[in-house]
Amino acid sequence: MCFVIIDFMNRLLAASLSSALILSGCALTGGQNETIPSGPPPPTFGQVKAAPEAYTGQPVTFGGKVLGARRLKEGTRIEILQLPLAASLEPTPDLTTSQGRFVALREEFLDPATIPAGTFITVTGEMAGSVALPLDETEYTYPLVHVTSLRVWSEQDDEPPRIRRPLGP
């Protein structure tokens with residue numbers, strides 16, 4: 001009888017320790033990505049606009065309002081009015097907060113009709129210097145981003161999710 005109680009206690013202790021180790025391991029690995037920086041912070045749009053060539057090759061994420069898109073031999077060129085990004089990476093709608101314009105170049109085929117003027121987008125890519133293009137009666141130097149990821153924001157993204165009650169008794 002004594003051996004049964006000791007055996008039971010040993011199993012209970014082993015199970016408790018195993019559970020504690022598993023749970024502490026989950027807690028440790030769950031928050032690591034949030035606290036360990038993944039390198040230097042990405043450059044801001046203001047920094048890139050001031051010296052686009054200095055940031056060539058660096059990853060960036062910018063967003064804004066599409067001013068126009070055009071299909072070229074090398075890809076689809078999107079002219080964007082830069083707007084600050086919210087925490088969700090969605091561009092803010094206040095056009096007065098813009099710091100300028102930039103060009104995003106997507107090498108894969110992208111039909112310009114899918115991103116008409118007025119569309120809000122967020123692009124992630126690699127800085128590729130700058131490009132000078134006409135803007136009205138002047139020439140404007142646009143920071144150039146080679147797009148690796150593009151997110152089109154729709155009005156539906158602003159709507160809160162609908163919570164429906166289950167049907168039934």
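This report describes the fold, the nonpolar cores and several individual residues of one protein structure. The model is predicted.

## Overall composition

The protein contains 2 helices and 5 strands. Read from the N terminus, its elements follow the order α-α-β-β-β-β-β. The chain has 169 residues, of which 25% count as buried. Its accessible surface amounts to about 11900 Å², and 59% of that surface belongs to carbon and sulfur atoms. Contacts between residues at least 6 apart in sequence show how the chain folds back on itself: 61% of them join residues at least 24 apart.

## The barrel

The strands form a closed barrel of 5 strands in the order E1-E2-E3-E5-E4, and the pairing is mixed. From one strand to the next, the twist averages 40 degrees. The order around the barrel may be compared with the numbering along the chain: E5 stands between E3 and E4 in the barrel order.

Three of the strand pairs can be described in detail. The table gives their direction and the number of bridges.

| Strand pair | Direction | Bridges |
|---|---|---|
| E2 and E3 | antiparallel | 6 bridges |
| E3 and E5 | parallel | 3 bridges |
| E4 and E5 | antiparallel | 14 bridges |

Particular residues mark these pairings. Between E2 and E3, Arg77 has Leu105 in E3 as its bridge partner. Strand E3 covers residues 101-106 and strand E5 covers residues 138-153. Here Ala104 has Val145 in E5 as its bridge partner, and Val103 stands opposite Leu144 in E5. On the other side of E5 in the barrel order is E4, where Ala132 stands opposite Thr141 in E5.

## The nonpolar cores

Which residues touch the most other members of the largest nonpolar core? They are Phe62, Ile78 and Phe102, within a core of 17 residues. Several elements contribute to this core: helix H2 (45-50), strand E1 (59-72), strand E2 (75-83), E3, strand E4 (120-135) and E5 each supply at least two of its residues. Another core, of 7 residues, lies apart from it and includes Val103, Leu133, Leu135 and Leu144. Two of these residues have already appeared, as Val103 stands opposite Leu144 in E5.

Phe62 illustrates how distant parts of the sequence are brought together. Leaving aside neighbours within four places in sequence, Phe62 is in contact with Pro43, Thr44, Phe45, Val48, Leu85, Phe102, Ile121, Thr122, Val123, Met127 and Val145. One of these contacts, Phe102, is itself among the residues that touch the most other core members.

## A buried threonine in E2

Thr76 is located in strand E2. Is this residue buried or exposed? Thr76 is buried because its relative accessible area is 0%, whereas the limit for a buried residue is under 20%. The side chain of Thr76 reaches the backbone oxygen of Leu110 at a distance of 2.8 Å. Apart from residues up to four places away in sequence, Thr76 touches Arg70, Arg71, Ala104, Leu105, Arg106, Glu108, Leu110 and Pro112. Leu110 is therefore both a residue that Thr76 touches and the one whose backbone oxygen its side chain reaches, while Thr76 itself is buried at 0%.

## Residues of the loops and of strand E5

Two residues have a positive phi although neither is a glycine. Leu89 has a value of about 75 degrees and lies in the loop between E2 and E3. With a relative accessibility of 42%, Leu89 counts as partly exposed. Asp136 has a phi of about 55 degrees and lies in the loop between E4 and E5. The hairpin formed by E4 and E5 has 2 residues between the strands. Asp136 is exposed because its relative accessible area is 77%, and the exposed class begins over 50%.

Arg151 belongs to strand E5. Its relative accessible area is 38%, so Arg151 is partly exposed. Arg151 and Thr124 are 27 residues apart in sequence, but their C-alpha atoms are 8.7 Å apart in space.

Key:
Residues numbered from 1 in each chain as written. Predicted model: local features only at pLDDT ≥ 70, side-chain atom pairs only at ≥ 80, totals over all residues. Heavy atoms only, no water. Pairing = 2+ DSSP bridges. Helix = DSSP H or I, 4+ residues; strand = E, 2+ residues; numbered from the N terminus. Axes fitted to C-alpha atoms, helices over the stretch in contact; angles between N-to-C directions. Core = buried A, V, L, I, M, F, W, Y, C linked by side-chain atoms within 4.5 Å. Buried < 20%, exposed > 50% of the residue type's maximum accessible area, 1.4 Å probe, protein only. Contact = heavy atoms within 4.5 Å. Polar contact = N/O pair within 3.5 Å; in protein donor to acceptor, adjacent residues only side chain to side chain. Areas by Shrake-Rupley, 256 points an atom, 1.4 Å probe, with all protein chains shown as cover.
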